[in-house]
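Dear colleague,

Please find the structure below, handed over for your use. My notes on it follow directly after.

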Amino acid sequence: LKAFLNKGVCFHFFGDSSGCVLLNTFSGETLSVGLTQADLVKLISSGQANDKTGATLDTIINLVNKGFLKSIYVQGLNAE
Amino acid sequence: MPNSYFLDLHPFSFSVKTDLPQVIENLSTIYGKRFKKHIDEVADYELSVQKSSGIRSFIRPQACFFCDQQEPFKPLSLQKAYAFLEWGMNWTVAANEVQNVIIHSAVLAKGNKAILFPAPPGSGKSTLTAYLAHNGWRLLSDEMALIVPNTKTVVPFVRPICLKNQSIDIATNLFPQGQFSNIARDTHKGDVIHLSPPESSWENQTNTAELVGVVFPNYRANQDLQIYQLDKTQAFMQLVDNAFNYSVLRETAFSTLTKVIENVQTFEIFHNDLAQVAEFLEQEIIDYE
């Protein structure tokens, strides 16, 4: 996942597979994502975010807009 | 020149300047031998509660609170002076402490095992805290948990338990021998009283404890005990919402809270029976390991 994250972003996936929490150390903002590490990486890298349906895409866009994720890796988001 | 007093409350000390009899009397009742006439010792924080000057000293007199000569709050009516000092002490620590991660939460322990009880006002947290503290549990704090960075260790900051509105009658009936302050009426939280924890909690005020659980309590008058296991992500986000210095400590607070949540049990409970809650906590969390 590190490859997809901007500089200064920390993350932690919980052992109960309930999801991931991320901290942007520059802004101090913390977000949670209810996906396992494998699902999140797959989602970002596979371009499934292009389907433009459901809350998952919103989550990814939110992560990009708030400076957690590098938008370059999220295929098709700029076409929105 | 107001009299100067010293409060030795591990891990912080306060000097308190005041000449208000109700403040002195309540400090003596609540803190006992930890409240001293000023000694030649430097305090971590210099506080002062004074009657306001000028026309306000005659018409509807007010109390002013100062921390290190700054006045962070507007004055309150004089009968709230002691509660004002207690809230001022909370604010002082929350605004200045950066050595530990601070969570707005009660902390109680059995032996060396501690449970965090973060909860918003009105959830019955302080009533539960008072009940447990008077039934074999050790109070580490009613208002703020001090967690040593990157550990599960909680540093006690023993202070009185702040009870509001209906909880006042419940507590005075449950603990008739308790050391209570005077009631501060019509505050922004309603009527408020402070209850000193039992001596055993004071005696152990330098002994840290290890977290084994985080429980979000909710009192519902018409609801039997219901227990929900919280997933770790939810529990973490709720702790962040209750952290006073998260935005200052950032990475340190993030890693500390992930470590805590990863290694403790996390529950949300709804209840109308304090004894049932105590039984659940002891059987399912304290005795679990």
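The notes below concern a sheet in chain B and the helices beside it.

This is a predicted model, in which local features need pLDDT of at least 70 and side-chain atom pairs count only at pLDDT 80 or more, while totals for chains, interfaces and linings use all residues. Residues are numbered from 1 along each chain as its sequence is written, chains are lettered from A and ligands numbered from 1 in the order in which they are written, and side-chain values use heavy atoms, with hydrogens and water left out.

In chain B, three strands (DSSP E runs of at least two residues, numbered from the N terminus) form an open antiparallel sheet in the order β12-β14-β13. Strands count as paired if DSSP finds at least two bridges between them. β12 (161-164) and β13 (184-187) of chain B each have a single partner strand, so one side of each lacks a neighbour in the sheet. Four bridges join β12(B) to β14 (residues 190-195) of chain B; B:K164 has B:V192 in β14(B) as its bridge partner.

Helix α2 (residues 81-96) of chain B (helices are DSSP H or I runs of at least four residues) packs on the sheet, touching β12, β13 and β14 of chain B. Contact means heavy atoms within 4.5 Å.

Helix α1 (residues 21-31) of chain B packs against α2(B) at about 60°, with axes 8 Å apart; axes are lines fitted to C-alpha atoms over the stretch in contact, and angles run from 0 to 180 degrees between N-to-C directions. Residues in contact include B:L27 of α1(B) and B:L85 of α2(B).

Yours faithfully
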